[in-house]
4 protein chains.
Amino acid sequence: MGTQLDNLAIELPSWAFGNSGTRFKVFGTPGTPRAVQEKIADAATVHRFTGLAPTVALHIPWDTVDDYRSLAGYAEEHGVKLGTINSNTFQDDDYKFGSLTHTDKTVRQKAIDHHLACIEVMNETGSRDLKIWLADGTNYPGQGDIRGRQERLAESLNTIYQRIGDDQRLVLEYKFFEPAMYMTDVPDWGTSYAHTLALGERAMVCLDTGHHAPGTNIEFIVAQLLRLQKLGSFDFNSRFYADDDLIVGAADPFQLFRIMFEVLRGGGLDDGSPVAFMLDQCHNVEAKIPGQIRSVLNVQEMATRAALVDVEALTVAQEAGDVLDANEVLMDAFYTDVRPRLAQWRTEHGLPANPMSAFAESGYQTTIDAERVGGTQSSWGA
Amino acid sequence: MGTQLDNLAIELPSWAFGNSGTRFKVFGTPGTPRAVQEKIADAATVHRFTGLAPTVALHIPWDTVDDYRSLAGYAEEHGVKLGTINSNTFQDDDYKFGSLTHTDKTVRQKAIDHHLACIEVMNETGSRDLKIWLADGTNYPGQGDIRGRQERLAESLNTIYQRIGDDQRLVLEYKFFEPAMYMTDVPDWGTSYAHTLALGERAMVCLDTGHHAPGTNIEFIVAQLLRLQKLGSFDFNSRFYADDDLIVGAADPFQLFRIMFEVLRGGGLDDGSPVAFMLDQCHNVEAKIPGQIRSVLNVQEMATRAALVDVEALTVAQEAGDVLDANEVLMDAFYTDVRPRLAQWRTEHGLPANPMSAFAESGYQTTIDAERVGGTQSSWGA
Amino acid sequence: MGTQLDNLAIELPSWAFGNSGTRFKVFGTPGTPRAVQEKIADAATVHRFTGLAPTVALHIPWDTVDDYRSLAGYAEEHGVKLGTINSNTFQDDDYKFGSLTHTDKTVRQKAIDHHLACIEVMNETGSRDLKIWLADGTNYPGQGDIRGRQERLAESLNTIYQRIGDDQRLVLEYKFFEPAMYMTDVPDWGTSYAHTLALGERAMVCLDTGHHAPGTNIEFIVAQLLRLQKLGSFDFNSRFYADDDLIVGAADPFQLFRIMFEVLRGGGLDDGSPVAFMLDQCHNVEAKIPGQIRSVLNVQEMATRAALVDVEALTVAQEAGDVLDANEVLMDAFYTDVRPRLAQWRTEHGLPANPMSAFAESGYQTTIDAERVGGTQSSWGA
Amino acid sequence: MGTQLDNLAIELPSWAFGNSGTRFKVFGTPGTPRAVQEKIADAATVHRFTGLAPTVALHIPWDTVDDYRSLAGYAEEHGVKLGTINSNTFQDDDYKFGSLTHTDKTVRQKAIDHHLACIEVMNETGSRDLKIWLADGTNYPGQGDIRGRQERLAESLNTIYQRIGDDQRLVLEYKFFEPAMYMTDVPDWGTSYAHTLALGERAMVCLDTGHHAPGTNIEFIVAQLLRLQKLGSFDFNSRFYADDDLIVGAADPFQLFRIMFEVLRGGGLDDGSPVAFMLDQCHNVEAKIPGQIRSVLNVQEMATRAALVDVEALTVAQEAGDVLDANEVLMDAFYTDVRPRLAQWRTEHGLPANPMSAFAESGYQTTIDAERVGGTQSSWGA
């Protein structure tokens, strides 16, 4: 295990511990947090069992509190720090037809102000990144003026960016579709790149692994954005169809391996790398805390396999045009079972060799199931 | 306008008049029904302005009432009839891991019993069709036994089918994905066909136009199912990406034209055709009643264009291998503006020439906005 | 290694040893066979190094010879047998607008006669399976009569089926698209199933792993066809986008693992299983013989991993609704490195422990590069 | 018909008049050109009947001649001019593993030199645009170094760009996949944008309407590239699945309408617009010359419909959040049959009212069928 793998840290989203679902049904589960503090406690638990998740991302307003410094202190007491602040401009009735892109200046200003408030939160929590994912888009041809919406988006983003501190960043996420069904205002990496390029150096792109068209070669985009020095962060998850938000690596572990290989190739795990790694998933039918544990383990496992690639041999085969050899060098790393060496790494770091079974045996879930009775379980709505 | 077009009748789903949305947000609107009676009143309004929507589909339990005969009478007073009964096995906590396919016999029996109760409703309402759309499926490889689930599904369906009356039908809908993200138990027409074939003659396939993989040639499936005498019904809507549930014809009017051409080709609008036409859409950001009006007009308009195809000339070109001529014969019909002749048809039938503007001017919306205050607006949850 | 894995035999297509490419370019390589005998010699070489490929599929007319019994003898001398006979109704000018579906009876009869000739070849070679893949389809809406083409297809297939011997089978392959760009006459498993069902018991479905819409859950189809007792054979390859015809397992090894798991689950490798396993790939940029070696090794490797699944533990987790446990049981098998035990199995069977390096060191390629000079290299055209 | 529509001119590709096909088969047709002069004559015929196609794009080396000034004169005699020069780095054995991206400096230099030679041709023909479409990419994970290939691509492009004249442009086309099946070096507009941005003002993006992932909203990209002032040209065609290269507008006329609406919205048909319109199609099963006539008519027809959109009313509806009204304003233009007014426009311009039937009656095809006997028909290979 080299330095790069020791650098691997995966931020957990507070909302992964709340209930989530599809438009058809949200299934609740015992032990679900009722407040941000309980989410942080759960996230800290994931870190305690894995050593991989030292920070927690907040979502405003879902995680709104009166005193963010106090919340930051609460987190540190539990062994984690507060991380990225995620804004929300998709759950207020005013945003039905757009937020930063809305034709109505009042609505745009409201959305801008929300982001400025998020920056205030960041100043309190010490967060570096403001992550903007916009639900803005339209459902029907003609519903909106595609070009005009881009102009307004650029202007709104610029207003927000002016308030980003010197040590802070604005990270702009793109998404192929959903909730907009015809046109999404930031649908692809090119759009996110064009906007962040116009904004300036502290604006970066966020790549969510579930936000692409069918068949998209994601590791290519990873390599390209690293090359262009605009890859700010990852939202990890996996998918078979759309934005399924499944556990990262569950749908296609080989794809995750290839992504992590390009991350390593492009310096994304080097000391001082600008790339932030984060989960963004929904545990609709599986247990949430072990779902997050499984997720960070999957990223670590595939990063470890990717680090095994014999790059020298790979280069020789590539330059010789030996397709089968080159592929075999890569696959040899992927097919190597790294679980024993990761168990050893954990033991060396004072962590349980098998975090999944250690958590199951810890009694944590039983305790919170018993304790968290009454109140309203957290979900995407609150 | 020939007999086939006069035969066109499109059933409206009661739930289209309630609120709907995405997993991110459901936007409410003034005037939304609070009860099934108000949904029926709205559906009847669509029929009054278009002459195209004489029946209303119910969804159990969303539209549960104590007295269905009385509800049928209420509908008839408003000028419409009750139609298809749609079951729901996706919103009860027991169904988290399946309904008719569940490993637990108790849960399967509960789901079967729900369908038997739906048949009881049908007996009261005089409905012909029991439509079964299952959310059953799994999110992760390994989560379920694909093969075992099929066996249980076959057995459950058979139990239900035994209770279908001689003049009733079981219509089995398929869907590519969602809410299940890895494996869906009835994902394609082949599966629906295999099961309905095993059940018997009164079991048919329901084709929802939004439930296919990207690129699927839907008119081919229409032609094939008509040929196999297993096309029981359509759920109309349109899509750009997934199951977007947009207004039928909005995303790709040419596709709707091609579908209606195969319907005509295959006798789907002949007297005595077994094919039922229905909408299944979500009006998330547009007004609901005019959204439904627009939808039935779109189907009528594309059916009318399809009926204009000079089949004789088309056959000549096809048999001559004259690709461009054959295509031009088809396109000539598609490119013909049939709106004037449809306006005339409406006038002849005592309907407003322009149903959209007539509805807008009717004051109906203003009235319900004012009247329907208080109570809980209907949505997918109720 | 159990009986099921010992039953694994993968037929090689003669055409994999000839040149292939895209519509943009076919790159030739030294050592490419000039005649079917050289293809068989290469295929036998794959078997000699792997013990996995005891039969070779022929393609008529690419592999036409005067004396098939003699060719069968030639094959046996090289240690392999002749297998499936593949027909070709896509390279004659007469088939521009269809073969078995053509509106012109003369063309249909020509295509039928070709298949009857193939059956004659089967009678000489002792082949069991006649595999029919049709390029039939249309490029433009209106070009053909979808419904009429199905009727003609059914009739043509039936005529052919009547000549299939008692110990022979007709295997009907489906394909999503290509070379037809708008409508393909056998586009999905449902169509293939409906036709083979109508034909009779000796008609089966061929599943080519590259012939599906994006996102299709192939292992579901495998499970379903096995359940319906209509899975006749596999054409193995892999894909990222369309019918890429890459080495099986190269694009998504986890998918291949899941497919092989359903094969095992459904008895597809039991003694007497009706399922034939075959490759159908194009080695456009990689070396052909080691490309085939790699392919059969990939199938064996994923079958071996699939056989490691602790089915009992899996069932317990599935029935308990423990999604993460169930998934972990499956993944544990997938993540296990079976290469050492396969090396041992090979040694025990008198095979080289590492077939790839053994082939490279064997000098076979150098020999054929030197010997096969002059003549015309085989390709899809001949 | 306003100025914008009078500005519409669609360049024809010389290769559309030669034979083309799929990897399975190329069907030849009578009358197919044997040399570039005959291709130009056919292209000029399309212009003579439509008034829409005043220039012809050449492909080097398929259209290589000794004297390009003389060829330009030949074209002018026939009433057309020579247009874009298209390079070819995909049919030489040296390019099997890449051209501008190749690891071998010799091969890269060869590919660069080919482009410099193309610039020499441009200097002779007076062409403005050098269009670069690269087949570069890989078929297997590991085969190439994604990142390194980008660096070499950037360097190679820059070398070429330095030789582009002050009145010339380098136009970089992107493509989702094919012929590369795993990774394509210029797969999306973002990549093309990033490279052309780095090169300079005379480097622009070429958008081929068939080169996107399934579901991609192409009109969004049109609007975005126009906004970024980097939309250099279109390659028009249409598709149902992959890069089907069907007649533009054939697969989805409504999409073409939306694209042309964004072109108009963004000034793409204004006087002095930098956007070049071009076809890039394959007439595999339909007649070639009328196929091109149909294509330019389709573009004109959809542009004309798009110009009918009542933009003022559209803006009012958009700003009011009236989704249905906005959509109806757009659809009203799409559903209007503009064929009569286009027939009139043609008559006014001394063109046949119906170019398709006028061509059929002209006897041109019969003449060339008779005259063009012997020699080798042109195709992609020559």
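Turn chain A by 180°, with a shift of 0.0 Å along the axis, and you can lay it on chain D with an RMSD of 0.0 Å. That makes the relation one of a two-fold axis. Keep in mind that this is a predicted model. Beyond the symmetry, there's a barrel in chain B and a pocket of about 1,000 Å³ to look at.

**Chains A and D**

- In chain A, the C-alpha that sits nearest the axis belongs to G190(A), 2.0 Å from it.
- Both copies use the same surface here, as 100% of the contact residues of chain A turn up again in chain D.

**Chains D and C**

- Chain D goes onto chain C by a turn of 180° and a shift of 0.0 Å along the axis, with an RMSD of 0.0 Å.
- For this pair, R23(D) is the residue of chain D that comes closest to the rotation axis, with its C-alpha at 2.2 Å.
- The same surface serves both copies again: 100% of the contact residues of chain D recur in chain C.

**The barrel in chain B**

- Eight strands of chain B form a closed barrel with parallel pairing, in the order β1-β2-β3-β4-β6-β8-β9-β10.
- From one strand to the next, the twist averages 30°.
- Zoom in on β3 (residues 81–86) and β4 (residues 129–132) of chain B, and you'll find two bridges joining these parallel strands.
- Across from K131(B) in β4(B) stands N86(B).

**Helices on the sheet**

- Helix α6 of chain B (residues 189–199) packs on the sheet, where it touches β6 (169–173) and β8 (203–208) of chain B.
- The direction of α6 makes about 160° with that of β8(B).
- Helix α9 of chain B (residues 288–307) also packs on the sheet, touching β1 (10–13), β9 (231–236) and β10 (276–279) of chain B.
- Relative to the direction of β1(B), that of α9 makes about 155°.

**The largest pocket**

- The largest pocket has a volume of about 1,000 Å³, and 50 residues line it.
- If you want to centre a view there, L324(A), D325(A), E328(A), P290(C) and M356(C) are the lining residues nearest its centre.
- Chain A contributes α11 (323–335) as an element giving two or more residues to the lining, while chain C contributes α9 (288–307), α12 (339–348), α13 (355–362) and α14 (364–371).
- The largest share of the lining, nine residues, is down to α11(A).
- Sorted by class, the lining splits into 26 nonpolar, 10 polar and 14 charged residues.

Methods:
Residues numbered from 1 in each chain as written. Chains lettered and ligands numbered in written order. Predicted model: local features only at pLDDT ≥ 70, side-chain atom pairs only at ≥ 80, totals over all residues. Heavy atoms only, no water. Least-squares fit on C-alpha atoms with pLDDT ≥ 70 in both. Contact = heavy atoms within 4.5 Å. 1 Å grid on protein atoms, 1.4 Å probe; cavity = no way out; pocket = protein on both sides within 12 Å on 5 of 7 lines; lining within 4 Å. Points joined across faces, edges and corners; volume = space filled by probe spheres on them. Helix = DSSP H or I, 4+ residues; strand = E, 2+ residues; numbered from the N terminus. Nonpolar A, V, L, I, M, F, W, Y, C, P; charged D, E, K, R; others polar. Pairing = 2+ DSSP bridges. Axes fitted to C-alpha atoms, helices over the stretch in contact; angles between N-to-C directions.
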